[in-house]
Amino acid sequence: MTPGIVPAKMADVDEIEVVVAHRERATLRVGDVFLKIDTDQTRIDVEVEAMAIAPIPTPEVLWRKPPVLALAALPGVALGRLGEPSTASSAAWAAAGAAARTLHDAPLPPWPGERLDEIASRLDSECEWLVTNGVLPVDMVTRNRRIAEAALRPWTPVFMHGDLQITHVFVDGDDITGVVDWSEAGHGDALYDLAVLTLGHEEHLADVVAGYGTHVDLDVIHAWWSLRSLLAARWLIEHGFDPSSPGCEFDVLRSRL
């Protein structure tokens, strides 16, 4: 220890919670502070800037010292978890839809998102990997690939969160207290955000759409469910997650058969 330097100690911290951890990044909770450690500082750059300009509640940035970003904890609890029933109210789900609409109506961020041709190319590669490695039956991949094509159409770009899964949306009762994990934000399809939000929770789609407040093409949302699940499978497997858990990505793909 350097002479004269007293190590800092956070008050009222009994333990450190590992929220998520894999080869690319880790998130720890220390008291009321979340510490995000990321190997890709570009993702952190996007996250910090997106939170600064997003017109909906986001965590307060406490400090940043690469590769660590410190964020204040949000009040409330996550809207739910993939593979588990959500205990949040219909009003809370509608509030999530309204928050998404507010974001999508905001000016576009100054950086782009993934192009349509890039998504189509990734989809081809991931479907080939799933079949070649015997991860999923050919008929399941083929059927969901066909459904996914409905999402591969031109769209008017919006300010998209990019990973608006229910664990990233925090609620207190019927109110949204904030949205976390903005590293995938950019230009994109509004219906992608709505699809990710309701992935595995189809029973709440009507609430989200009601809160969103305008017509949405449900067939495109269904297509994004298939596309998201097909694209995510290999990454999840290679990073120690299990897309075959009940209610998760493979069940979403099976439900399309």
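User: What covers the buried residues of H2?
Analyst: This is a predicted model, to start with. The cover over the buried residues of H2 includes three strands, S7 (158-160), S8 (169-172) and S9 (175-179), along with helices H5 (190-198) and H6 (205-212).

User: And which residues of H2 are the buried ones?
Analyst: They are Ala92, Trp93, Ala95, Ala96, Gly97, Ala99, Ala100, Leu103 and His104. As background, an α-helix makes a turn every 3.6 residues, so residues three or four places apart point the same way.

User: How do you know that the span of H2 agrees with 1.5 Å a residue?
Analyst: Helix H2 covers residues 90-104, which is 15 residues. The expected span uses one less than the number of residues, times 1.5 Å, and for H2 that should be 21 Å. The C-alpha atoms at its ends are 21 Å apart, so the two agree.

User: What makes arginine 101 and aspartate 105 a salt bridge?
Analyst: Their closest N and O atoms are 3.1 Å apart. The cut-off is 4 Å between a side-chain nitrogen of Lys or Arg and a carboxyl oxygen of Asp or Glu, so the pair qualifies.

User: Why is arginine 101 called partly exposed, and aspartate 105 exposed?
Analyst: Arginine 101 has 25% relative accessibility. Buried needs under 20% and exposed over 50%, so this arginine lands in between. Aspartate 105 comes in at 55%, so it passes the mark for exposed.

User: How many salt bridges does that rule give?
Analyst: The count is 20. One of them joins the side chains of arginine 25 and aspartate 38, at 3.7 Å from N to O. Arginine 25 sits in strand S2 (residues 25-30) and aspartate 38 in strand S3 (residues 33-38), 13 residues apart, so the pair links distant parts of the chain. Both arginine 25 and aspartate 38 are buried.

User: What makes arginine 43 and aspartate 40 a salt bridge, and is each buried or partly exposed?
Analyst: Their side chains come to 3.9 Å, N to O, so they are within the 4 Å limit. Arginine 43 is at 13%, under 20%, so it's buried. Aspartate 40 has 29%, so it's partly exposed.

User: Which residues do salt bridges with shared partners join into one network?
Analyst: Glu24, Arg25, Asp38, Asp40 and Arg43.

User: Switching to the sheet: what makes S1 and S4 the edges?
Analyst: The sheet is open, with five strands in the order S1-S2-S3-S5-S4 and antiparallel pairing. Strand S1 (16-21) and strand S4 (61-65) each have a single partner strand, so one side of each lacks a neighbour in the sheet. Ignoring direction, neighbouring strands of the sheet are turned by 20 degrees against each other on average.

User: How do you know that S3 and S5 pair?
Analyst: Pairing takes at least two bridges, and five join S3 to strand S5 (residues 68-72), so they pair. They run antiparallel. In S5, leucine 71 is the bridge partner of phenylalanine 34.

User: Why is threonine 177 called buried?
Analyst: Threonine 177, found in strand S9, has a relative accessible area of 17%, under the 20% limit, so it counts as buried. Setting aside neighbours within four places in sequence, threonine 177 contacts Pro57, Leu74, Pro75, Phe170, Val171 and Asp172.

User: What does the side chain of threonine 177 reach at 2.7 Å?
Analyst: The backbone oxygen of proline 75. By contact rules, that 2.7 Å falls within the 3.5 Å limit for a polar contact.

Note on methods
Residues numbered from 1 in each chain as written. Predicted model: local features only at pLDDT ≥ 70, side-chain atom pairs only at ≥ 80, totals over all residues. Heavy atoms only, no water. Helix = DSSP H or I, 4+ residues; strand = E, 2+ residues; numbered from the N terminus. Buried < 20%, exposed > 50% of the residue type's maximum accessible area, 1.4 Å probe, protein only. Axes fitted to C-alpha atoms, helices over the stretch in contact; angles between N-to-C directions. Contact = heavy atoms within 4.5 Å. Polar contact = N/O pair within 3.5 Å; in protein donor to acceptor, adjacent residues only side chain to side chain.
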